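Student: Take me closely through one part of this model, please, and then show me how that part is tied into the rest of the chain.

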Amino acid sequence: MASLDRVKVLVLGDSGVGKSSLVHLICQNQVFGNPSWTVGCSVDVRVQDYKEGTPEEKTFYIELWDIGGSVGSASSIKSTRAVFYNSVNGIILVHDLTNKKSSQNLYRWSMEALNKDSSPTGVIVSNGDYDREQFVENAVPLLLIGTKFDQIPENKRGEVLTRTAFLSEDFNAEEINLMTGFTDRKRFNFKSLHYD
């Protein structure tokens with residue numbers, strides 16, 4: 001990784017889960033007042049010093065590719081998005097913790113991005129089990145971010161946290177759960193995300 005100057009990170013998930021707000025906060029250090037639907041892809045850049053203050057310090061230009069969240073199964077939608085999936089250094093999977101379907105759709109999103117030339121049929125079986133072997137050989141780091149944690153009733157939070165723990169285990173990914181107010185920059189620190 002030390003030889004990279006540019007890092008391309010995909011931000012994937014269903015429409016309305018908070019991808020654009022997250023990307024805007026990370027790159028612009030400000031709240032995204034009134035986000036609109038992303039059509040196609042939006043790219044924003046953040047300059048990040050890696051291992052700041054050490055002899056190995058290096059500056060990276062992190063491109064966050066916010067992919068529009070249409071989950072249509074039409075091959076034309078998938079083939080259009082496939083152009084964004086080349087030369088990826090990392091993937092942030094974003095889901096709404098109050099919407100179980102957005103969590104389940106992360107399997108489809110990840111398979112589409114990581115295996116753009118193969119169909120994900122057979123990955124998710126009818127009883128909901130997931131073949132974890134799909135990610136054993138995956139060299140692309142994944143980060144799982146759940147949004148709207150504070151909107152979950154307190155008596156349901158344990159169940160949701162258990163579900164997201166299984167998700168992060170399935171993806172072999174780190175996991176972060178954010179409150180609705182994650183747009184308050186004091187609650188989110190980009191430097192805690194590592195790509196090594």
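Tutor: Let us begin at the end of helix α1, which is followed by Asn29, a residue with a positive phi near 55 degrees (helices are DSSP runs of H or I of at least four residues, strands are E runs of at least two, and both are numbered from the N terminus). The model is predicted, so local features need pLDDT of at least 70 and side-chain atom pairs pLDDT 80 or more, whereas totals for chains, interfaces and linings use all residues. Residues are numbered from 1 along each chain as its sequence is written, and side-chain values use heavy atoms, without hydrogens or water.

Helix α1 covers residues 19-28, and because 9 of its 10 residues are buried, the helix is largely enclosed by the rest of the structure (buried is under 20% relative accessible area, exposed over 50%, and partly exposed in between, with a 1.4 Å probe and protein chains only). The buried residues of α1 are Lys19, Ser20, Ser21, Leu22, Val23, His24, Leu25, Ile26 and Cys27. Their cover includes the strands β1, β2 (41-50), β3, β4 and β5. For the chain as a whole, 41% of the 196 residues count as buried.

The setting of α1 can be read from the order of elements, which from the N terminus on is β-α-β-β-α-β-α-β-α-β, a total of 4 helices and 6 strands. Among contacts with a separation of 6 or more, 69% join residues 24 or more positions apart (a contact means heavy atoms within 4.5 Å).

Several of the strands that cover α1 also take part in salt bridges, of which the whole structure has 4 (a side-chain nitrogen of Lys or Arg within 4 Å of a carboxyl oxygen of Asp or Glu). In one of them, the side chains of Arg6 and Glu63 meet at 2.9 Å, N to O. This pair joins distant parts of the chain, since Arg6 belongs to β1 (residues 6-12) and Glu63, 57 residues away, to β3 (residues 58-67). Arg6 is partly exposed, with a relative accessible area of 37%, whereas Glu63 counts as buried at 17%.

Strand β4, also among the elements covering α1, contributes to another pair, in which Lys148 and Asp96 form a salt bridge with an N to O distance of 3.1 Å. Asp96 lies in β4 (residues 90-96), while Lys148 sits 52 residues apart from it, in the loop between β5 (142-147) and α4 (157-171). Asp96 is buried, with a relative accessible area of 7%, and Lys148 counts as partly exposed at 21%.

Turning from the strands to the other helices, Arg81 forms a salt bridge with Glu112, their closest N and O atoms being 2.7 Å apart. The two are separated by 31 residues and link helix α2 (residues 75-81), which holds Arg81, to helix α3 (residues 100-114), which holds Glu112. Both partners are buried, Arg81 at 6% relative accessibility and Glu112 at 9%.

Helix α3 is in turn paired with α4, for their axes come within 11 Å and cross at roughly 0 degrees (axes are lines fitted to C-alpha atoms, for helices over the stretch in contact, and angles run from 0 to 180 degrees between N-to-C directions). On the α3 side, the contact is made by Lys100, Ser103, Leu106, Tyr107 and Ser110, and on the α4 side by Arg163, Leu167, Asp170 and Phe171.
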